[in-house]
Amino acid sequence: MEPPRPGVRTRCANPLVWAKEWVRSSPGTHIWLLVIGVTSLVVASASEGLGQFLVHRTSSNIHELNEHPLPSLLISGFWIERPASFLLYVVMFELLHANVERWTGTTRWLLTVGGAHIAATLASQELVLLAIEGHRLPRSMTHVVDIGVSYGLAAAAGVLTYRLRPPWRYGYLAVVLVFFGIPLLTGASFTDFGHAIALTMGFAAWPLTPAAAAEAGEAREAGEMPPDAAHGPEAAGPGARSPAEPGPQDGQER
């Protein structure tokens, strides 16, 4: 059997091994999914009263943010309101979060989606508070259910734009803008407002992507090249020496 050539990645024929490698390459995504699976199972198996209590207690609404600001911000990202939709979230996590985490690395992925979740939650609840104070929403909205992982997914969708190459990037971008833009422009709720913020933060995370680092590296390399080097020794003038012709003071190499 001919050995694989250097630099060529061979695809694993065993689907179990491939799945294991996929999970290992995006550990944060799958730990997050595992926790959501456990909390969804808890809500599904609980009584209706207990389930409602858990959903409200783990929400990042105005009441919980005032009473338990840090726990409510963090815990609300590990629950979903309808456990029956868990499989849909599995698909979305694998398409968005797993690909972004594999591309940017776990730390940068977590910084992006975690920051977007926190910023979108705080901004959307501030919008609710302003609407309550302006008598456009009832005071019961201070206890509104505000849990879920959609803000993080919106941020991941924004980052993933830079992973795709043209022309696929432009088609994907159009779909994302339509998906999040139509609800925002047609009677937006506080959640739609939060999605828009999270998506914008995903777009703004360009400096954290490998594509930005590669572009910066290419720019540095281009800037370090002397102007005369691109044209040869003839462009330096009639008295210029070729690199192979040392002058009287050329004593060492720099």
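In this predicted model, the buried residues of helix α9 are covered by elements that include α6 (86–104), α8 (150–160) and α10 (190–204). The residues of α9 that lie under this cover are Y172, V176, F180 and G181, each of them buried. Helix α9 itself runs over residues 168–185, 18 residues in total, and spans 25 Å between its first and last C-alpha, close to the 26 Å expected at 1.5 Å a residue. Just beyond the end of α9 comes a backbone detail worth a glance: G187 adopts a positive phi of about 70°.

A second point of interest is T112, which sits in helix α7 (residues 106–133). T112 counts as buried because its relative accessible area is 10%, below the 20% cut-off. Setting aside neighbours within four places in sequence, the contacts of T112 are A155, V159, A205 and L208. Of these partners, A205 lies 93 residues from T112 in sequence, yet their C-alpha atoms are 6.7 Å apart in space. Within its own stretch of chain, T112 also directs its side chain to the backbone oxygen of R108, at 2.9 Å.

Charge pairing can be summarised briefly, as the structure holds 1 salt bridge. Side chains of opposite charge can pair when their charged atoms come close. Here the partners are R57 and E64, with 3.3 Å from N to O. The two ends of this bridge differ in exposure: R57 is partly exposed, at a relative accessible area of 38%, whereas E64 is buried, at 6%.

How values were computed. Residues numbered from 1 in each chain as written. Predicted model: local features only at pLDDT ≥ 70, side-chain atom pairs only at ≥ 80, totals over all residues. Heavy atoms only, no water. Helix = DSSP H or I, 4+ residues; strand = E, 2+ residues; numbered from the N terminus. Expected span 1.5 Å × (residues − 1). Buried < 20%, exposed > 50% of the residue type's maximum accessible area, 1.4 Å probe, protein only. Contact = heavy atoms within 4.5 Å. Salt bridge = Lys/Arg side-chain N within 4 Å of Asp/Glu carboxyl O. Polar contact = N/O pair within 3.5 Å; in protein donor to acceptor, adjacent residues only side chain to side chain.
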